[in-house]
Each structure stands twice: as structure tokens, then as C-alpha cells.
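Here's a quick tour of a protein model, starting with how a pair of helices pack and ending with some backbone oddities. Have the structure open as you read.

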Amino acid sequence: MKVRYIKLLSGKHGSGNYNTITKSAILLPFAVLLIMLPLISLMMRNTSNIISSSKVYATIISNSSDWKVTHDEVKRCNIFNGEWVPYSEGPYYNNETCHLMIDQQNCMKFGRPDREFLKWRWKPHECELPLFDATLFLNTVKGKSMAFVGDSVGRNQMNSLLCLLNHVAHPEDISEKYATDPRNFRWWFYADYNFTLVTLWSPFLVRATYGDFSGHSHNSLTNLHLDKADEAWTNEIENFDFVIFSAGQWFFRPLLFYENGQVVGCSKCEHSNITDLTHYYGYRKAFRTAFRTILNLKSYKGVTFLRTFSPAHFEYAEWNKGGTCERTKPYSKEEMKLEWYILETYLTQVKEFRAAKKKARKRGLKFLMLNTTEIMMWRPDGHPNNYVYGHTENHNVTYNDCVHWCLPGPVDTWNEFLFYMLKMEIQKSSKVLSL
């Protein structure tokens, strides 16, 4: 109507000038405008309401009263697709500000001379990975429990998390109350947040017995019962809110595989009358059993994470033959590709995870993946390496540690991922509740 009115005034329509235009022609647009104004006002109010609701302002239900979420913040990206970039701010903590790290990972305490490995941060291509916020993390998990199930690299991540939280809250070590082996089964309790953090030692995830009765060693034969989950974690895990599975390096040792109580094959066992099935067979079956077991726990309602295979970085020789990891900065993507046994090991567990995730969805359970394999493959600089820097309780150890990760170090990134994923899950829940 506005366009029509301007044309009338300009005299481009009709035969006369402005004085010859009839009164009705002038009054008609005003009448229509008076009719339309209420409708326009109503439309503007409705549009405003739609825009307001789409922002999904919601208070996070995890008792974090200052965490407000907008629609834009809920947008996801692939945080595992990116690169390591120089970062001058330095680590979140050090060996002086955190006294909870174990000597095996305390590279600064035992004199690692370089600091270059601390000056890198993971940068996704599609978004920014938020810095770890200890207060917000603790508010997110308030009243909940979290367990790291697996080997010592999983414990490495838990120790990193302890140090990341240390400047905000100091946990009570309650291991003696709950664990028969406090060294491998650690329980921590954050009283102010009613949050329990646990590591459950189970390097194979399934039941294991050792064939060498004189004691376990790196070369002794281990019997793995691939169809029976390890009671060390199954007896504890049913009521946990978050469970993070990880296992890897132990499967490269000599293994004898059992199913239904019978030997079905082995890996590196050097028995000519037993079928060599390679470590992939045992790895696949172990994760299948672990995932199947947790899905069959009647009371389990938690969120299950798989932290994918963490590669070692021995160069020049094998781990027990003088192999080292002396690099002081990350590989470039051109220098190192995800391939060979690392790729195959990674794909083996991911296939089992995806199958379990489909079944979990039918039960209304969450299965999430901390996809760290390729990311950590580019960080040969992050290990203790020299056995002096990665001090162990066994003073007779003379091999280098290119499996575990220095604290602080690139392993802290795993907990940045964990923090981000927990935040996204809570934002999704809050968005649903607000609609």
C-alpha cells in the first residue's frame, strides 16, 4: 500500500494532478493502515517470542547457577578434527601447584630439561575448544560419580583431571575404605560437590590370569577369558553416572585366548600347536564383552565413554631394546599418518563401540567417544621417555617410557574434550526441557 500511495502522489497513475484526486483515493490507504496496525503489532510480538524462545536461555540443571546457554552455543563441531598450534600461555598447573600426580608422570620433578612440549594446544578447525574450567566442571558433576576403567593410561587421564581440579577443590582419598588394592584402585571424594572420582584397574577389561606363577612380567603369558568381563570393575560400576573405558598397550604382550573355558588361539605365545589370532582378535572380543556387560547391567543409567587407543612413540628400537622418544615438539601431519597397526587397532575398537552404541540407543543410554588416537599420534614429545624423568617405584627399570604422558602435558587435552562433551550433553538436556 505504501508503494501505491507514493505513485498516486507523483501523478504517474490517473489523468489529473493532485487536486483532482478524489478524497476517497486519499483516505483509503489510511483506512487500510489503521486496520493493519494491530495485526502488524501482533505479528511483531509473536516473532519476538519465537526469537526469544529459540535462544533457549536455561539454567543448567547441574547446580551451576551462573551457566546460561544460548542457541548459538549449542552448535556442535567436530572437536577432534584440527591441529596442534603454538600456545604461549603455558599449562594449567605444574608439579609445585599439584601434589596429586604420581612420580611416573612427574617429568618436571625429575628434571626433564625442555619445556617446548608444554607450549602447544589443540585447535579444532570448525570451532574453539574451551579452556578447562574447574569450577564449572565440578558444578556439572555435582552429586555424581565418574570412573576410569582400564589400564594405567586411563589412570594417567584421571591424574590429569585431579590436577586440573586441584586449584578449586581438594579431594579426600577414600581408597582405603573401598579398595583392596589402593595403588591400582583409587577413590577420591570431593565433599563440597558430593562428587566421587575413581580409577578401576583392569588393563584387559576381561578376566585375566597369569601363566607365570613366579609373578607377572612383560614377557609372561597371560590367559585372557574373552567372554568374561573382569569383576574388578563389573562389581563396582552399576551405579556410576559416567564411565570411561580405555585399554591398549597390554594387548601387545603374549596372550592366550579362552572362550567358553577353552583355548581358541593366542597372540605372540610362540606355541606351534595353537592358532595365532593376533592381538586384534583379543582386542575386539574384550571390548565386545565389556560393552555387552555394561549394557546388560539392569540398574546402569550412566553415560559411557570410549577413550580411543593411545599410541606409543618408541623410535629406533622396541620398548625393551632401547627404544626412545626424545622429540621435543609435535609431528606435522605430513610427518606422521594414521596407518599400519595403530590404525587397525583403533578401527577394531571403534567398530565394537559403534555396534554397542546402536544397542545402547534402544535402551535409552548414551555412548560417546573421546576420539584421541590420531591427535595423540602427533605428540611424540609428551612422554616421560627417560626413565629418570618418569620415575617409577621399581628402581631396577632401565627402559624408557614412551607410553604414558607427562603431567602437565598433552594428556590434559583429553579432559578438555571430556569437559566439552559433558557441557554439550547438559546443554542438549536443558534445551529439551525448555521447549
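A crossing of two helices is called right-handed if the near helix is turned clockwise from the far one by less than a right angle, and left-handed if anticlockwise. By that rule, the crossing of α8 and α9 is right-handed. Keep in mind that this is a predicted model.

**The α8/α9 pair**

Two packed helices are described by the angle between their axes and the distance between the axes. Here, helix α8 covers residues 278-295 and helix α9 covers residues 340-363, and their axes come within 10 Å while crossing at roughly 20°. Angles under 35 degrees count as roughly parallel, and α8 and α9 are therefore roughly parallel to each other.

Which residues in α8 meet α9? On the α8 side they are His 279, Tyr 280, Tyr 283, Arg 284, Phe 287, Arg 288, Phe 291, Ile 294 and Leu 295. Their partners in α9 include Tyr 341, Glu 344, Thr 348, Phe 353, Ala 356, Lys 359 and Arg 363. Sorted by class, this contact has 10 nonpolar, 4 polar and 6 charged residues.

**The protein as a whole**

Zooming out, the protein has 11 helices and 15 strands. Of its 435 residues, 49% are buried. The accessible surface comes to about 22500 Å², and carbon and sulfur atoms account for 53% of that. How do the contacts spread along the chain? Taking those between residues at least 6 apart in sequence, 75% join residues at least 24 apart.

**Backbone oddities**

Most residues other than glycine have a negative phi, and most peptide bonds are trans. Here are some spots that go the other way:

| Site | Backbone value | Where |
|---|---|---|
| Asn 194 | phi near 50° | loop between β7 (185-190) and β8 (195-201) |
| Trp 340 | phi about 55° | helix α9 |
| Leu 407 and Pro 408 | omega about -5° | Pro 408 in the loop between α10 (373-377) and α11 (412-434) |

Are the positive-phi residues buried or exposed? Asn 194 is partly exposed, with a relative accessible area of 43%. Trp 340 counts as exposed, at 71% relative accessibility, and this residue belongs to α9, the helix that packs roughly parallel to α8. As for the last row of the table, the bond joining Leu 407 and Pro 408 is a cis peptide bond.

Terms used
Residues are numbered from 1 along each chain as its sequence is written. This is a predicted model: local features need pLDDT of at least 70, side-chain atom pairs count only at pLDDT 80 or more; totals for chains, interfaces and linings use all residues. Side-chain values use heavy atoms; hydrogens and water are left out. Helices (H or I, at least four residues) and strands (E, at least two) are DSSP runs, numbered from the N terminus. Buried means under 20% relative accessible area, exposed over 50%, partly exposed in between (1.4 Å probe, protein chains only). Contact means heavy atoms within 4.5 Å. Accessible areas come from the Shrake-Rupley method with a 1.4 Å probe; for residues, only the protein chains shown count as cover. Axes are lines fitted to C-alpha atoms, for helices over the stretch in contact, and angles run from 0 to 180 degrees between N-to-C directions. Angles under 35 degrees count as roughly parallel, over 145 as roughly antiparallel, 65 to 115 as roughly perpendicular and the rest as oblique. Ala, Val, Leu, Ile, Met, Phe, Trp, Tyr, Cys and Pro count as nonpolar, Asp, Glu, Lys and Arg as charged, and the others, Gly among them, as polar.
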